[in-house]
Amino acid sequence: MEEINNVEVTPCTESDYMKPFRVHYNQNGTKKSWDFMRTHDSVSVLIFNISSHCFVLVKQFRPAVYMCEWERAKTQPPQSAEKTEEGASEAAAAAPVPESPEGQSASEGESSSQWPPASAGVTYELCAGLVDKPDLSLEEIARQEVLEECGYDVPASKLKRITSYRSGVGVTGAKQTMFYAEVSDDNCVSAGGGEPLEGELIEVVKVPLHEAMTFAYDERIPKTMGVVFSFIWFHNNMSPKYKISTNV
């Protein structure tokens with residue numbers, strides 16, 4: 001998963017997943033404009049294994065996260081603990097300034113050392129997927145994602161709807177609907193891992209219940225807000241039912 005090379009960034013002129021637009025409007029007499037992306041809505045699923053008392057998450061490489069880390073890293077000044085202030089200034093002045101990555105690969109425009117490690121783009125997430133099958137209900141789409149990504153066969157009727165919310169409101173405004181699914185080891189019919197034909201490469205990760213809240217609030221672990229919110233939801237709504245602790 002973390003073997004990433006030949007990185008190249010090019011203009012996106014066509015996509016099946018997003019379309020950029022600029023909307024013009026008047027608000028309280030003031031003329032305004034806003035750039036946004038039209039994207040699919042999505043579903044996500046908090047999976048709890050009642051056999052092993054653990055949450056089932058997915059871990060995968062996210063190019064958007066990776067490139068954000070690249071942008072962040074290239075704006076930070078070089079650090080050198082051993083050099084004098086004068087020597088450090090000279091070194092900084094002599095250091096090459098990374099150019100824009102657009103249209104360049106690590107082997108052409110950038111040395112491989114100027115790109116962050118692949119782990120910079122890896123995140124922990126809830127099992128999730130796009131709402132792009134109009135003939136299926138949200139529950140049925142969520143069921144398919146649980147099966148493909150995590151390997152558990154759960155009837156759509158067993159999915160509990162937690163809530164829905166808007167994500168990326170400054171850019172997309174897409175709606176995500178979150179579900180809760182209880183599974184057991186008996187429901188596991190495959191190793192999961194996603195759909196290779198769709199370019200998915202997913203690692204299934206289990207987080208023990210007693211470590212859940214520590215995991216959620218550990219800023220060193222890259223994760224989505226859905227993970228944090230869903231763990232809190234479980235603590236408030238399901239832990240009392242099962243009389244189990246999430247170690248808050």
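Modeller: In this predicted model, the buried residues of helix H3 pack against five strands: E3 (42–49), E4 (54–61), E6 (127–130), E8 (174–183) and E9 (203–208).

Biologist: Which residues of H3 are buried?

Modeller: The general idea comes first. An α-helix has 3.6 residues a turn, so residues three or four places apart point the same way. In H3, the buried residues are Ile141, Ala142, Glu145, Val146, Glu149 and Cys150. They cover an arc of only 140° around the axis, which puts them on the same side of H3.

Biologist: What span should H3 have, and how far apart are its end C-alpha atoms?

Modeller: H3 comprises 13 residues, 138–150, and at 1.5 Å a residue it should span 18 Å. Its end C-alpha atoms are 18 Å apart, in agreement with that expectation. The residue that follows H3 is Gly151, with a positive phi near 85°.

Biologist: How may one examine a single residue of this helix, and is Val146 buried or exposed?

Modeller: Val146, which is located in helix H3, has a relative accessible area of 1% and is therefore buried, the cut-off being under 20%. Apart from neighbours within four places in sequence, Val146 contacts Val45, Ile47, Cys127, Gly151, Tyr152 and Val154. Its C-alpha atom is separated by 9.1 Å from that of Ser44, although the two residues are 102 apart along the chain.

Biologist: What does Cys150 contact, once neighbours within four places in sequence are left aside?

Modeller: Cys150 also belongs to H3, and its relative accessibility of 2% makes it count as buried. Beyond those neighbours, the contacts of Cys150 are Ile47, Val56, Val58, Cys127, Glu145, Ser190, Ala191, Gly192 and Val204. Between the C-alpha atoms of Cys150 and Val205, 55 residues apart along the chain, the separation is 8.9 Å.

Biologist: Let us turn to helix H1. Which of its residues are buried, and which exposed residues does the face turned away from them carry?

Modeller: Tyr66, Met67 and Trp70 are buried in H1. They cover an arc of only 95° around the axis, which puts them on the same side of H1. On the face turned away from that buried side are the exposed residues Ala64 and Cys68. Strand E4 is included in what covers the buried residues of H1. As for length, the 12 residues of H1 should span 16 Å at 1.5 Å a residue, and the end C-alpha atoms are indeed 16 Å apart.

Biologist: How is empty space located, and how much of it lies in the largest pocket?

Modeller: Rolling a probe the size of a water molecule over the atoms shows where empty space is left. Here the largest pocket holds about 2,100 Å³ of space. It is lined by 49 residues, of which Tyr17, Met18, Arg62, Glu125 and Leu130 are the closest to its centre.

Biologist: Which elements supply the lining of the largest pocket, and which gives the most?

Modeller: At least two residues each come from E3, E4, H1 (63–74), E5 (122–125), E6, H3, E7 (160–167) and E8. H1 gives the most, with five residues. Sorted by class, the lining of the largest pocket has 22 nonpolar, 16 polar and 11 charged residues.

Biologist: Which residues other than glycine have a positive phi?

Modeller: Asn6 and His53 are among them. Asn6, in the segment before strand E1 (18–27), has a phi of about 50°. With 57% relative accessibility, Asn6 counts as exposed. His53 is placed in the loop between E3 and E4, and its phi is near 50°. At 37% relative accessibility, His53 counts as partly exposed.

Biologist: Where does His210 lie, and how far is it from Cys54 in sequence and in space?

Modeller: His210 is in the loop between E9 and helix H4 (212–217). A relative accessible area of 47% makes His210 partly exposed. From C-alpha to C-alpha, His210 and Cys54 are 8.3 Å apart in space, with their positions 156 residues apart in sequence.

Biologist: To conclude with the chain as a whole, how many helices and strands does it have?

Modeller: The chain has six helices and nine strands. Of its 248 residues, 33% are buried. Among contacts between residues at least 6 apart in sequence, 67% join residues at least 24 apart.

Notes
Residues numbered from 1 in each chain as written. Predicted model: local features only at pLDDT ≥ 70, side-chain atom pairs only at ≥ 80, totals over all residues. Heavy atoms only, no water. Helix = DSSP H or I, 4+ residues; strand = E, 2+ residues; numbered from the N terminus. Expected span 1.5 Å × (residues − 1). Buried < 20%, exposed > 50% of the residue type's maximum accessible area, 1.4 Å probe, protein only. Arc of directions from axis to C-beta. Contact = heavy atoms within 4.5 Å. 1 Å grid on protein atoms, 1.4 Å probe; cavity = no way out; pocket = protein on both sides within 12 Å on 5 of 7 lines; lining within 4 Å. Points joined across faces, edges and corners; volume = space filled by probe spheres on them. Nonpolar A, V, L, I, M, F, W, Y, C, P; charged D, E, K, R; others polar.
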